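Here is a quick tour of one model, from its surface to its pocket and its charged pairs. Keep the viewer open and follow along.

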Amino acid sequence: FWRWLLRLVLLATLWLAAVAAWIVYVGNRDQARAADAIVVLGAAAYDTRPSPVFTERIRHGIDLYERGYAGALVFTGGYGDGARFSESQVARTFALRAGVPEDAILIETLSRTTYQNLARTRDLLSDHGLQRVIVVSDPLHMARALRLSRQLGIDAVGSPTPSTRFRSFRTQWRFLAREVYFFHRDLVFRPD
């Protein structure tokens, strides 16, 4: 019994390490190439200011836009509890101040989760005749974002933020553990 239990624990450990390695690998690949739109996934916003994490995502999306990868920026993210502005509205204001033309920006304001970000984005892309996208998020979030994009039928490649706010070992470890959990949860339950 103990030998089988030890083998099971070893197999589980190897499996979890492999999933974590895959998440890290996907998050370290920048696949940016010509696309119809750049989709910046939402993160927290504090009234009119994006959180540090969201700021880095927005900046990277604007950088890709300015470098000519796509002619449209899509910002995602709804309203936090008691918020006056949605995450995507805050991002749009940030981009306008950075010189991005208003007609190059699309937003969706109803989503609260990564899955909802992408599901609502799919509808927005369809409404505007846009197909191929570059998804912008944090490196450790990229594997899940791309997997959900595929499930939703979005033709997407990833471009992780090079300046992620998750720099310390502690914050990276917690983020990675969370993403390993979501990987397994999504295998069993439909993402929300």
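In this predicted model, a good place to begin is a nonpolar patch on the surface, covering about 610 Å². Five residues make it: Phe1, Trp2, Leu5, Leu8 and Val9. Take Leu8 as an example: it sits in helix H1, which runs over residues 2–27. Is Leu8 buried or exposed? Its relative accessibility is 55%, and the cut-off for exposed is over 50%, so Leu8 counts as exposed.

Now for the pocket. The largest one holds about 610 Å³ of space, and 32 residues line it. If you want to find its centre, look for Gly42, Ala43, Arg112, Thr114 and Arg178, the lining residues that lie nearest to it. Which helices supply at least two residues each to this lining? They are H2 (52–66), H4 (114–127), H5 (139–151) and H6 (169–188). H6 gives the largest share, with 6 residues. As for chemistry, the lining is a mix: 13 residues are nonpolar, 11 are polar and 8 are charged.

On to the charged pairs. The structure has 11 salt bridges, and three of them are set out here.

| Salt bridge | Closest N–O distance |
|---|---|
| Glu56 and Arg59 | 3.3 Å |
| Arg122 and Asp123 | 3.6 Å |
| Glu179 and Arg144 | 2.8 Å |

Start with Glu56 and Arg59. Both belong to helix H2, where they are 3 residues apart, or about one turn of the helix. Their surroundings don't match, though: Glu56 has 10% relative accessibility and so counts as buried, whereas Arg59, at 46%, counts as partly exposed.

In the Arg122 and Asp123 pair, the side chains meet at 3.6 Å, N to O. Arg122 has a relative accessibility of 33%, so it is classed as partly exposed. Asp123 comes in at 42% and is partly exposed too.

What about Glu179 and Arg144? This salt bridge brings its closest N and O atoms to 2.8 Å. Glu179 is in helix H6 while Arg144 is in helix H5, so the pair ties together parts that are 35 residues apart in sequence. Are these two residues buried or exposed? Both are buried. There's a further partner here as well: Arg178 joins Arg144 and Glu179 in a network of salt bridges. Arg178 is also one of the residues nearest the centre of the largest pocket, which makes this a handy spot to look at both features in one view.

Back in helix H2, have a look at Ile62. With 5% relative accessibility, against a buried cut-off of under 20%, Ile62 counts as buried. Ile62 and Ala98 are 36 residues apart along the sequence, with their C-alpha atoms 8.1 Å apart in space.

One last stop is in a loop. Asp47 lies between strand E2 (45–46) and strand E3 (49–50). What is the sign of phi at Asp47? It is positive, at about 60°, although Asp47 is not a glycine. The relative accessible area of Asp47 is 36%, so this residue counts as partly exposed.

How values were computed
Residues are numbered from 1 along each chain as its sequence is written. This is a predicted model: local features need pLDDT of at least 70, side-chain atom pairs count only at pLDDT 80 or more; totals for chains, interfaces and linings use all residues. Side-chain values use heavy atoms; hydrogens and water are left out. Patches are made of residues with over 30% relative accessible area and no salt bridge: like charges are joined within 9 Å, nonpolar side chains (Val, Leu, Ile, Met, Phe, Trp, Tyr) within 5 Å. Accessible areas come from the Shrake-Rupley method with a 1.4 Å probe; for residues, only the protein chains shown count as cover. A salt bridge is a side-chain nitrogen of Lys or Arg within 4 Å of a carboxyl oxygen of Asp or Glu. Helices (H or I, at least four residues) and strands (E, at least two) are DSSP runs, numbered from the N terminus. Buried means under 20% relative accessible area, exposed over 50%, partly exposed in between (1.4 Å probe, protein chains only). On a 1 Å grid over the protein atoms alone, a cavity is a set of points where a 1.4 Å probe fits but cannot get out, and a pocket is an open set with protein on both sides within 12 Å along at least five of seven lines; lining residues have an atom within 4 Å of a point. Grid points are joined across faces, edges and corners, and a volume is the space filled by probe spheres set on the points. Ala, Val, Leu, Ile, Met, Phe, Trp, Tyr, Cys and Pro count as nonpolar, Asp, Glu, Lys and Arg as charged, and the others, Gly among them, as polar.
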